[in-house]
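Visitor: Could you take me through a close look at one part of this structure, and explain how that part sits among the rest?

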Amino acid sequence: MSNTSSPAPVPPVLTKQALFVPLATVLGAASAWYALVAEGHRDDQAVPCKAMRAPVATTEYVAAWAGLALGVTAVVVCVVAALGMRRRCAVPLASTKPGLFAYVGVWLNLAAVPFELLTLLLAHRPAGIWPGGDCG
């Protein structure tokens with residue numbers, strides 16, 4: 001008689017958690033990109049030779065914060081899913097297809113989270129002097 005037992009089936013909750021990771025990664029990067037585009041548009045609307053910028057839209061702040069929040073949430077959910085998978089099913093997260101998607105999402109977050117943080121910092125930067133034109 002063999003002493004090996006097959007791993008327990010993966011609960012749907014862990015599958016949903018694992019599939020949320022790449023979704024949150026993509027949504028976070030898209031949200032941060034939107035905030036960056038909105039910030040660039042705000043700079044385009046600034047008056048030349050003045051030390052003020054166009055007013056900040058609330059959507060820019062919300063998009064910048066949402067991008068970073070989604071990126072960090074993706075990492076946390078991946079860690080929680082990996083621990084739950086190991087505890088409940090006795091298999092590593094990477095041994096399942098949703099788990100592989102989660103790991104790919106987390107690795108993409110190595111580039112996405114710093115981009116999202118930079119976008120958040122740009123949304124909160126102080127006004128600067130317009131860098132071009134004849135201000136004489």
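**A close look at the second helix**

Guide: The accessible surface of the protein comes to about 8500 Å², and carbon and sulfur atoms account for 72% of it; such areas come from the Shrake-Rupley method with a 1.4 Å probe, and for residues only the protein chains shown count as cover. Please keep in mind that this is a predicted model, in which local features need pLDDT of at least 70 and side-chain atom pairs count only at pLDDT 80 or more, while totals for chains, interfaces and linings use all residues. Residues are numbered from 1 along each chain as its sequence is written, and side-chain values use heavy atoms, with hydrogens and water left out.

The secondary structure comes to 3 helices and 0 strands, where helices (H or I, at least four residues) and strands (E, at least two) are DSSP runs numbered from the N terminus. From the N terminus on, the elements run α-α-α. Of the 136 residues in the protein, 31% are buried; buried means under 20% relative accessible area, exposed means over 50%, and partly exposed lies in between, all with a 1.4 Å probe and protein chains only. Among contacts (heavy atoms within 4.5 Å) between residues at least 6 apart in sequence, 81% join residues at least 24 apart.

The part I have chosen is α2, and its length can be checked. The expected span of a helix is 1.5 Å times one less than its number of residues, so the 32 residues of α2 should span 46 Å, and its end C-alpha atoms are 44 Å apart, which agrees.

Within α2, which covers residues 58-89, we find G67. G67 counts as buried because its relative accessibility is 0%. Leaving out residues up to four places away in sequence, G67 touches G28, S31, A32 and E116. The C-alpha atoms of G67 and W33 are separated by 8.3 Å, although these residues are 34 apart along the chain.

One of those partners, S31, is found in helix α1. S31 is itself buried, because its relative accessible area is 15%. Apart from its neighbours within four places in sequence, S31 is in contact with A63, A66 and G67.

Another residue of α1 is T25, which counts as buried because its relative accessibility is 5%. With residues up to four places away not counted, T25 touches A74, G105, L108, N109 and E116.

Helix α2 also matters when we ask where nonpolar side chains gather. In soluble globular proteins, nonpolar side chains tend to be buried together. A nonpolar core here is a set of buried Ala, Val, Leu, Ile, Met, Phe, Trp, Tyr and Cys residues joined through side-chain atoms within 4.5 Å. The largest such core has 14 residues, and those with the most contacts inside it are V21, C78, M85, C89, L93 and A102. Both α1 (12-44) and α2 supply at least two residues each to this core, and α2 gives the most, with 7 residues. Apart from this core lies another, of 6 residues, among them A35, A63, A64 and L120.

From the second core, L120 is placed in helix α3, residues 97-123, and L120 is buried because its relative accessible area is 6%. When neighbours within four places in sequence are left aside, L120 is in contact with A64, W65 and L68. The C-alpha atoms of L120 and A32 are separated by 7.7 Å, with their positions 88 residues apart along the chain.

At its far end, α2 is followed by A90, which lies in the loop between α2 and α3. A90 has a positive phi of about 60° although it is not a glycine, and A90 counts as exposed because its relative accessible area is 64%.

For a contrast with the buried cores, look at the surface, where F20, L23 and L27 form a nonpolar patch with about 250 Å² of accessible area together. Patches are made of residues with over 30% relative accessible area and no salt bridge, with like charges joined within 9 Å and nonpolar side chains (Val, Leu, Ile, Met, Phe, Trp, Tyr) within 5 Å; a salt bridge is a side-chain nitrogen of Lys or Arg within 4 Å of a carboxyl oxygen of Asp or Glu. L23 belongs to helix α1 and is partly exposed, because its relative accessible area is 47%.
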